[in-house]
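User: I'd like a close look at one loop residue in this structure, and then a walk outward from there to the rest of the model. Could you take me through it in one go?

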Amino acid sequence: MCDHRCFVYEIVKMSGSSNLVAMKKIVQQLRFEASINRVKVSQAAADLQQFCMQNALQDPLLTGVSSSTNPFRPQKVCSFL
Amino acid sequence: MIFSTKPEMATQEIQPNETLTNLKAESDTLKTKLEDERAKLHDVELHQVAEKVDGLGQFIMKTRRTLKGHGNKVLCMDWCKDKRRIVSSSQDGKVIVWDAFTTNKEHAVTMPCTWVMACAYAPSGCAVACGGLDNKCSVYPLSLDKNENLAAKKKSVAMHTNYLSACSFTNSDMQILTSSGDGTCALWDVESGQLLQSFHGHAADVLCLDLAPSETGNTFVSGGCDKKANVWDMRSGQCIQSFETHESDINSVRYYPSGDAFASGSDDATCRLYDLRADREVAIYSKESIIFGASSVDFSLSGRLLFGGYNDYTINVWDVLKGTRVSILFGHENRVSTLRLSPDGTAFCSGSWDHTLRIWA
């Protein structure tokens, strides 16, 4: 990655009101974030696990895919008797 | 941000008691409340819940194709929905469309800038989008006629005030989502180039984004140099959730296939999993021996495996549930910069500063 400079966003204090407006936005955002409904990690983790288990058989990298269905794997050479 | 601790004069929009000091105090209280609420629900670790799950067997993946042709570092790649074409972009200023089965190059475009840091395939397969140091995202329709000059049909869609770090079509060819070094993300109409929505909230360069799987609704996640991962409502422009546990730049974010979680890769050498319903980090994928940043992450189709491309030239494969490393893949001769699973989940492609792309299966 090229040298990306991190922008440090400074509020130019020409007047106090711009600071105040910015701060008010922050507080409003925090109020919103604090109000969302959350579930327990045990519940969330169980759901993540269930999704994995339910979809495991449809995951070619877990089940392994034979050469005939995976176009990237080399074909086995057929030998004629 | 720098805040004065002196109370300021009230303005007409601000209530008399909403001085800077009061607002700062409320902000601190709310932040503590957020931490407490999240901590209350932290009753168990993901890997503990997953203890009874069978471990994964031996995991073998090899390089099946190597795509050579870029003259400099590969920075980004994306798959076409047809599961065989790939678009890649490079520091050499070129965007190449490959047939990954045959390794043939089907199209090549030379951009007016070097460091093309972002590229994406349109859902229809008929166009690609790209951009970088030119601060723009441009769309090139792909012609069936290989002799046609693609650059002539270029359409400039997005304009930022700093470099373009990532781009993605939404579920149609009509809209593009972009992220930029200017600290914002934006949603654009491709046909008119009109800005439909902008997303402000990161305090530094935004480096990556990922759209939620279409079933979960209109949200996307972004990661930035401010160490934050933000989840956004695409319609309102509002940041609906924010996560700040990484210790350095977040280079890559990717949704878990169910849409209920997302993974991130960071310069702090860890990948992490954040659950959206629990509103917290639920797993860290790290090892003492891994000290270089993770540049790019993606899940396998079931979400059980997390692939991470790292700056130490390797790809680490993690068991998402158990938190352990399943495999380490060697092959690239320089940093892995980009990594995506193929649309049908049978393979993944990695791009590197060694100028090549590799298909692993």
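Analyst: Let's start at T103(B), which comes out as partly exposed, since its relative accessible area is 29%. Bear in mind throughout that this is a predicted model. T103(B) sits in the loop that links β4 (94-99) to β5 (104-110) in chain B. Its backbone is worth a look too: T103(B) isn't a glycine, yet its phi is positive, at about 65 degrees.

Follow the chain through β5 and you get to W115(B), in the loop between β5 and β6 (118-121) of chain B. W115(B) is another non-glycine residue with a positive phi, here about 50 degrees. What about its accessibility? W115(B) has a relative accessible area of 13%, and because buried means under 20%, it counts as buried. T103(B), with its 29%, falls in the partly exposed class instead.

For a loop residue out in the open, try E191(B). You'll find E191(B) between β12 (184-189) and β13 (195-200) of chain B. Its relative accessibility is 55%, so E191(B) is classed as exposed. Measuring along the sequence, E191(B) and V221(B) are 30 residues apart, and their C-alpha atoms are 24 Å apart in space.

Now for a residue inside a strand. L341(B) belongs to β26, which covers residues 336-341 of chain B. With 12% relative accessibility, L341(B) counts as buried. Which residues does L341(B) touch, once neighbours within four places in sequence are set aside? In its own chain the partners of L341(B) are W79(B), D298(B), F299(B), S300(B), L301(B), F307(B), A347(B) and F348(B), and from chain A there is L61(A). G223(B) is 118 residues away from L341(B) along the chain, with 20 Å between the two C-alpha atoms.

That contact with L61(A) brings us to the other chain, and V39(A) is a good place to pick it up. V39(A) lies in the loop between α1 (16-34) and α2 (41-55) of chain A. At 24% relative accessibility, V39(A) is partly exposed. Leaving out residues up to four places away in sequence, V39(A) touches A44(A) in its own chain, and L41(B), R277(B) and A278(B) across in chain B. V39(A) and L20(A) are 19 residues apart in sequence, while their C-alpha atoms are 34 Å apart.

Stepping back to chain A as a whole, you have three helices and zero strands. Of its 81 residues, 33% count as buried. Chain A exposes about 5,400 Å², and carbon and sulfur atoms supply 58% of that area.

How confident is the predictor about chain A? The mean pLDDT for chain A is 75, with 68% of residues reaching 70 or more. Among the elements of chain A, α2(A) has the highest mean pLDDT, 96, and α1(A) the lowest, 86. Over residues 1-14 of chain A, pLDDT stays under 50, and the model has 36 contacts beyond four places in sequence for that stretch.

Chain B, home to the loop we started in, has two helices and 28 strands. The radius of gyration of chain B is 21 Å, close to the 21 Å the globule rule gives for 361 residues, so chain B is as compact as a globular protein of that length. Along its principal axes, the C-alpha trace of chain B spans about 70 × 55 × 35 Å. Of the 361 residues in chain B, 58% count as buried, W115(B) and L341(B) among them. Taking contacts in chain B between residues at least 6 apart in sequence, 44% join residues at least 24 apart.

As for the surface of chain B, about 14,400 Å² is exposed, with 47% of it supplied by carbon and sulfur atoms. Chain B carries 37 positive and 45 negative side chains, and the centres of those two sets lie 6 Å apart.

Confidence in chain B averages a pLDDT of 92, with 94% of the residues scoring at least 70. The start of chain B is another matter: pLDDT stays under 50 over residues 1-12, where the model has 21 contacts beyond four places in sequence. For the model as a whole, the scores are ipTM 0.87 and pTM 0.89.

Note on methods:
Residues are numbered from 1 along each chain as its sequence is written. Chains are lettered from A and ligands numbered from 1 in the order in which they are written. This is a predicted model: local features need pLDDT of at least 70, side-chain atom pairs count only at pLDDT 80 or more; totals for chains, interfaces and linings use all residues. Side-chain values use heavy atoms; hydrogens and water are left out. Helices (H or I, at least four residues) and strands (E, at least two) are DSSP runs, numbered from the N terminus. The radius of gyration is taken over C-alpha atoms; the globule rule is 2.2 Å times the number of residues to the power 0.38. Buried means under 20% relative accessible area, exposed over 50%, partly exposed in between (1.4 Å probe, protein chains only). Contact means heavy atoms within 4.5 Å. Accessible areas come from the Shrake-Rupley method with a 1.4 Å probe; for residues, only the protein chains shown count as cover. Lys and Arg count as positive and Asp and Glu as negative; His and the chain ends are not counted. The place of a charge is taken as NZ of Lys, CZ of Arg, CG of Asp or CD of Glu. pLDDT is the predictor's confidence in each residue, from 0 to 100.
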